Amino acid sequence: MFERFTKAARAVVKGAAEHAERGGATVVTQEHLLLALLDGEGTRATEALRALCPPDRRPSLVAALTDARRRAGLSRADEEALADLGIDVGAIVARVEETHGEGALAGDRRDSGWWSGRRSFSREAKGILEKSLRVALARKDREIGDEHILLALTTTGGVVAEALADHGVTYASVEAAVAGVPAP
């Protein structure tokens with residue numbers, strides 16, 4: 001599948017692994033893919049992101065991802081479902097952080113066990129890359145570009161798609177923005 005990735009899409013995958021490494025994460029996640037997209041310049045996806053979520057709004061997007069990571073990656077829908085059962089996620093997070101320190105539920109602390117030197121991709125991140133292939137095929141594109149990765153991120157549900165949607169980045173808005181950006 002990776003032979004079908006454009007240079008820009010490969011840069012996103014590589015950038016995601018670098019974000020994971022800098023953050024001390026043991027696996028590359030959907031969040032790392034998004035952060036790598038936000039770092040890019042001059043591609044269809046980055047231009048679409050710039051139009052939909054200008055640089056001055058990006059700190060808010062990154063803060064939303066950080067907040068979700070503190071809640072062990074629970075989306076608002078997950079949090080609401082637990083609240084219906086009488087479980088206050090905020091109170092649990094506060095109690096855990098009181099005992100174990102801030103970010104204890106983030107799950108991105110370095111593992112002290114054996115490590116091969118290459119970061120693997122989480123099941124969800126692999127799903128995004130596979131979905132980007134399906135998006136490209138559905139659009140009748142010959143290659144998988146970074147815009148396909150961005151489109152896939154908007155369709156999966158969960159924290160990343162939720163944070164993107166909260167900032168006006170949905171499948172429909174990305175598709176419209178990408179249509180207006182010429183291929184590099």
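Here is a short tour of this predicted model, going from the whole chain to one helix and then to a patch on the surface.

**Stop 1: the whole chain.** Show everything as a cartoon and color by secondary structure. You should find 10 helices and two strands. Walk along from the N terminus and the elements come in the order α-β-α-α-α-α-α-β-α-α-α-α. Now think about contacts: among those with a separation of 6 or more, 64% join residues 24 or more positions apart.

**Stop 2: the surface.** Switch on the surface for the protein chain. About 10,100 Å² is exposed, and 53% of that comes from carbon and sulfur atoms. As for what is hidden, 40% of the 184 residues count as buried.

**Stop 3: helix α2.** Select residues 30-39, which make up helix α2. How many of its 10 residues are buried? Nine of them, so to speak of the helix as mostly covered is fair. Show the side chains and pick out the buried ones: Gln30, Glu31 and His32 come at the start, followed by Leu33, Leu34, Leu35, Ala36, Leu37 and Leu38.

**Stop 4: a nonpolar patch.** Back to the surface view, and select Leu85, Ile87 and Ile92. These residues form a nonpolar patch there, with about 280 Å² of accessible area together.

**Stop 5: Ile92.** Keep just this member of the patch selected and bring the cartoon back. Ile92 sits in helix α6, which covers residues 89-100. Is Ile92 buried, exposed or partly exposed? Its relative accessible area is 42%, so Ile92 counts as partly exposed; the cut-offs are under 20% for buried and over 50% for exposed.

Definitions and conventions
Residues are numbered from 1 along each chain as its sequence is written. This is a predicted model: local features need pLDDT of at least 70, side-chain atom pairs count only at pLDDT 80 or more; totals for chains, interfaces and linings use all residues. Side-chain values use heavy atoms; hydrogens and water are left out. Patches are made of residues with over 30% relative accessible area and no salt bridge: like charges are joined within 9 Å, nonpolar side chains (Val, Leu, Ile, Met, Phe, Trp, Tyr) within 5 Å. Accessible areas come from the Shrake-Rupley method with a 1.4 Å probe; for residues, only the protein chains shown count as cover. A salt bridge is a side-chain nitrogen of Lys or Arg within 4 Å of a carboxyl oxygen of Asp or Glu. Helices (H or I, at least four residues) and strands (E, at least two) are DSSP runs, numbered from the N terminus. Buried means under 20% relative accessible area, exposed over 50%, partly exposed in between (1.4 Å probe, protein chains only). Contact means heavy atoms within 4.5 Å.
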